[in-house]
Amino acid sequence: AEFYKKRRDTVTGEIFTLCDCPTPKRFNSERDACELNKFDAMLVLWWTEKRIRHVVVALDKELLLFSRAWCVAELVQSRRLKIEQKLKLESREALSI
């Protein structure tokens, strides 16, 4: 059940689709070629080249962003680099506990 939940966009509920371009898709089974696990490294590159001023952190209602290791890695890396983090919420009530 968890696999099927993670296949869906947390906002629209629609299943993520792969693009239909001819470029080969590389996933975590091909770790070195995979593009999904490189964003924190890209932050360093963009920061070094002064191509980034801030990151936008879009939080879903359930705050699942914090359960995704790669998302947390991106937040940690941007914090280390002192890149401004702009938080976006659906509503203020989303933070109520």
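# Loops, a buried serine and the cysteines

Me: Where is K82 found along the chain?
Reply: This is a predicted model, and its elements run α-α-β-α-β from the N terminus on. Within that order, K82 is found in the loop between helix 3 and strand 2 (84–88).

Me: Is K82 buried or exposed, and at what relative accessibility?
Reply: The backbone of K82 deserves a look beforehand, since its phi is near 60°, a positive value in a residue other than glycine. A residue is called exposed when its relative accessible area is over 50%. K82 therefore counts as exposed, with a relative accessibility of 75%.

Me: What is the phi of K50, a residue that is not a glycine?
Reply: K50 has its place in the loop between helix 2 (39–48) and strand 1 (54–58), and it counts as exposed at 75% relative accessibility. Although K50 is not a glycine, its phi is positive, at about 55°.

Me: Is S78 buried or exposed, and what is its relative accessible area?
Reply: S78 is found in helix 3, which covers residues 69–80. The word buried applies to a relative accessible area under 20%. S78 is therefore buried, with a relative accessible area of 0%.

Me: Which residue's side chain makes a polar contact with the side chain of S78?
Reply: If its neighbours within four places in sequence are left aside, S78 is in contact with L43, V55, I83 and Q85. One of these contacts also involves a polar pair, at 2.7 Å between side chains, and the partner of S78 in that pair is Q85.

Me: Is R80 buried or exposed?
Reply: R80, like S78, has its place in helix 3. Its relative accessibility is 60%, whereas S78 has a relative accessible area of 0% and is buried. Because exposed means over 50%, R80 counts as exposed.

Me: How many Å apart in space are R80 and C21, C-alpha to C-alpha?
Reply: In sequence, R80 and C21 are separated by 59 residues. In space, their C-alpha to C-alpha distance is 35 Å.

Me: How many disulfides does a search of the whole structure find?
Reply: C19 is partly exposed, with a relative accessible area of 47%, and C71 is buried at 13%. The closest cysteine sulfur to that of C19 is in C21, at 3.2 Å. A disulfide needs two cysteine sulfur atoms within 2.5 Å, so the sulfur of C21 is too far from that of C19 for a bond. For the whole structure, the number of disulfides found is zero.

Me: How many helices and strands does the chain have?
Reply: The order of elements, read from the N terminus, is α-α-β-α-β. Counted by kind, the secondary structure of the chain comes to three helices and two strands.

Me: What percentage of the residues of the chain count as buried?
Reply: The C-alpha trace spans about 40 × 40 × 20 Å along its principal axes. The accessible surface of the chain comes to about 8500 Å², and carbon and sulfur atoms hold 55% of that surface. Of the 97 residues in the chain, the portion that counts as buried, S78 and C71 among them, is 15%.

Me: How far apart do the centres of the positive and negative side chains lie?
Reply: The chain has 19 positive side chains and 15 negative ones. When the centre of each set is taken, the distance between the two centres is 5 Å.

Note on methods. Residues are numbered from 1 along each chain as its sequence is written. This is a predicted model: local features need pLDDT of at least 70, side-chain atom pairs count only at pLDDT 80 or more; totals for chains, interfaces and linings use all residues. Side-chain values use heavy atoms; hydrogens and water are left out. Helices (H or I, at least four residues) and strands (E, at least two) are DSSP runs, numbered from the N terminus. Buried means under 20% relative accessible area, exposed over 50%, partly exposed in between (1.4 Å probe, protein chains only). A polar contact is a pair of N or O atoms within 3.5 Å; within protein, one must be able to donate a hydrogen and the other to accept it, and residues adjacent in sequence count only if both atoms are side-chain atoms. Contact means heavy atoms within 4.5 Å. Accessible areas come from the Shrake-Rupley method with a 1.4 Å probe; for residues, only the protein chains shown count as cover. Lys and Arg count as positive and Asp and Glu as negative; His and the chain ends are not counted. The place of a charge is taken as NZ of Lys, CZ of Arg, CG of Asp or CD of Glu.
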